[in-house]
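Take a look at the chain below. Keep an eye on the rings and on the strands.

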Amino acid sequence: MEFQSRIKTIEWVDTYSKMVDQTVIPYEYKFVNITGGQEMFDAIRNMIVRGAPAIGIAGAHGVILFAQELAKETSDRAEFIKKLIEKAGYMKTSRPTAVNLMWAVDKQIELIKSSNADINGIIEELKQNAIKLENEDIEINKKIGDYGAEVVPKGATILTHCNAGALATVGYGTALGVVRSAYAKDNTVQVFADETRPRQQGARITTFELAMDGIPVTLITDGMCSYFMKKRMIDMVVVGADRIAANGDTANKIGTYTVAIAAKYHNIPFYVAAPLSTIDISIKSGAEIPIEERSHDEVTHINGKPVCPLKGVNIINPGFDVTPHELITGIITEKGILRPDFNKSIREAYE
Ligand code: MRU
């Protein structure tokens with residue numbers, strides 16, 4: 001049986017982008033329509049849409065929205081192209097760490113530069129390109145899921161951090177794609193989901209989408225993972241990624257590094273599940289990955305209520321950390337599972 005996720009996180013519809021509003025899950029499950037370029041920039045920055053592959057698609061949609069706006073301002077094709085490429089560059093700055101955003105916007109920029117069409121024709125081509133990327137995202141995730149399912153032991157408990165699920169992609173998910181494919185073969189598989197402070201993507205989003213699909217999930221707080229590993233209650237870890245360097249160093253949601261260290265100590269396999277579009281072969285190691293610093297409110301408040309004194313306390317809030325490649329058992333991609341030496345296996349995956 002194939003295990004489908006019913007969620008389609010983001011899609012292009014005629015003249016706008018329709019997406020799940022992830023800021024209100026689990027209280028509400030609602031869609032919003034993004035109709036302007038700046039509105040899309042803000043939706044990415046404010047995490048109405050989040051997760052590396054999903055913000056890639058959002059960025060590609062953002063370029064179309066800017067194109068539609070510019071077409072109303074000018075009928076000069078050269079001016080349209082120049083301004084659109086500038087706007088696309090701006091869209092790439094909406095969040096810094098997930099390289100899928102830059103990757104997908106660059107796909108749109110390549111198209112703009114190579115097109116022979118008039119302004120309306122370029123807009124149409126940008127739409128078709130975005131829809132192609134959406135469809136490919138789901139297909140790629142299913143491949144990742146199926147390769148990953150091969151290394152999931154029977155009856156395994158899989159720990160995951162943050163949300164690398166259907167809601168972080170167009171559908172199906174990367175880390176949770178592995179869970180879905182494994183569960184389709186063996187319904188005794190279950191998930192432990194880290195809460196994932198400060199924004200609680202694990203508590204709010206991972207548990208939400210797994211419960212929706214009827215996949216058993218247990219929520220734990222971030223500090224609990226070593227406790228359950230020591231008790232041998234975790235068989236493997238599978239997480240997503242925001243950017244993977246050429247040597248396999250992997251940026252993912254803050255706290256992932258801690259989980260990887262705990263997994264190594266307890267001799268538990270630690271897998272990263274990600275499409276090749278998350279690999280940035282232009283950077284040699286994780287030291288070069290830009291880490292997003294987010295608003296201090298995310299740490300000082302939960303649901304609008306302070307959780308610490310608001311005066312006399314210093315706050316620091318990096319959104320991501322980098323797990324060194326030595327701690328990673330394998331990187332599950334649409335081309336199979338890449339193993340150490342990652343410099344070699346990543347290069348070969350691109351051949
Ligand atoms: O800040 P977020 O919620 O966008 O961070 C998301 C993650 O860190 C995910 O694990 C990652 O993007 C992989 S999504 C398939």
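This report covers aromatic pairs, charges over rings, and one strand with its partners.

**Aromatic pairs**

The model is predicted. A pair of aromatic rings is described by the distance of the centres and the angle of the planes. Here the count of aromatic pairs comes to six.

One of them joins Phe66 and Tyr90. Their centres are 6.3 Å apart, and their planes meet at 55°. That makes the pair tilted, because tilted covers angles that are neither under 30 degrees nor over 60. Where do Phe66 and Tyr90 lie? Phe66 belongs to helix 2 (residues 52-73), and Tyr90 belongs to helix 3 (residues 77-91). The two are 24 residues apart in sequence, so the pair ties together separate parts of the chain.

Is Phe66 buried or exposed? Phe66 has 3% relative accessibility, so Phe66 counts as buried. Tyr90 has 32% relative accessibility, so Tyr90 counts as partly exposed.

A second example is the pair of Phe192 and Phe228, which is edge-to-face. The centres lie 5.3 Å apart, with 80° between the planes. This pair links distant parts of the chain. Phe192 is in strand 5 (residues 190-194), while Phe228 is in helix 8 (residues 225-230). They are 36 residues apart. Both of these residues, Phe192 and Phe228, are buried.

Rings can also gather in a group. Tyr29, Phe31 and Phe208 form one aromatic cluster.

**Charges over rings**

Next come lysines and the rings they sit over.

| Charged residue | Ring | Distance to ring centre |
|---|---|---|
| Lys142 | Tyr172 | 5.7 Å |
| Lys253 | Phe320 | 4.1 Å |

In the Lys142 case, the charged end sits over the ring of Tyr172. Lys253 lies over the face of Phe320.

**Strand 7 and its partners**

Now turn to strand 7 (residues 236-239). Which residues cover its two faces? Met236 and Val238 are on one side, and Val237 and Val239 are on the other. All of them are buried, and both faces of the strand are covered.

Strand 7 also pairs with other strands, among them strand 4 (residues 157-160). Strands 4 and 7 run parallel and are joined by two bridges. Ile158 stands opposite Met236 of strand 7.

Strand 10 (residues 270-273) pairs with strand 7 too. How many bridges do strand 7 and strand 10 pair over? There are three bridges, again in the parallel sense. Within strand 10, Val272 is the bridge partner of Val239.

Methods: Residues are numbered from 1 along each chain as its sequence is written. This is a predicted model: local features need pLDDT of at least 70, side-chain atom pairs count only at pLDDT 80 or more; totals for chains, interfaces and linings use all residues. Side-chain values use heavy atoms; hydrogens and water are left out. Rings of Phe, Tyr and Trp (its six-membered ring) pair if their centres lie within 6.5 Å; planes under 30 degrees apart count as stacked, over 60 as edge-to-face and the rest as tilted. Helices (H or I, at least four residues) and strands (E, at least two) are DSSP runs, numbered from the N terminus. Buried means under 20% relative accessible area, exposed over 50%, partly exposed in between (1.4 Å probe, protein chains only). A charge sits over a ring if NZ of Lys or CZ of Arg is within 6 Å of the ring centre and within 35 degrees of the ring normal. Two strands pair if DSSP finds at least two bridges between them.
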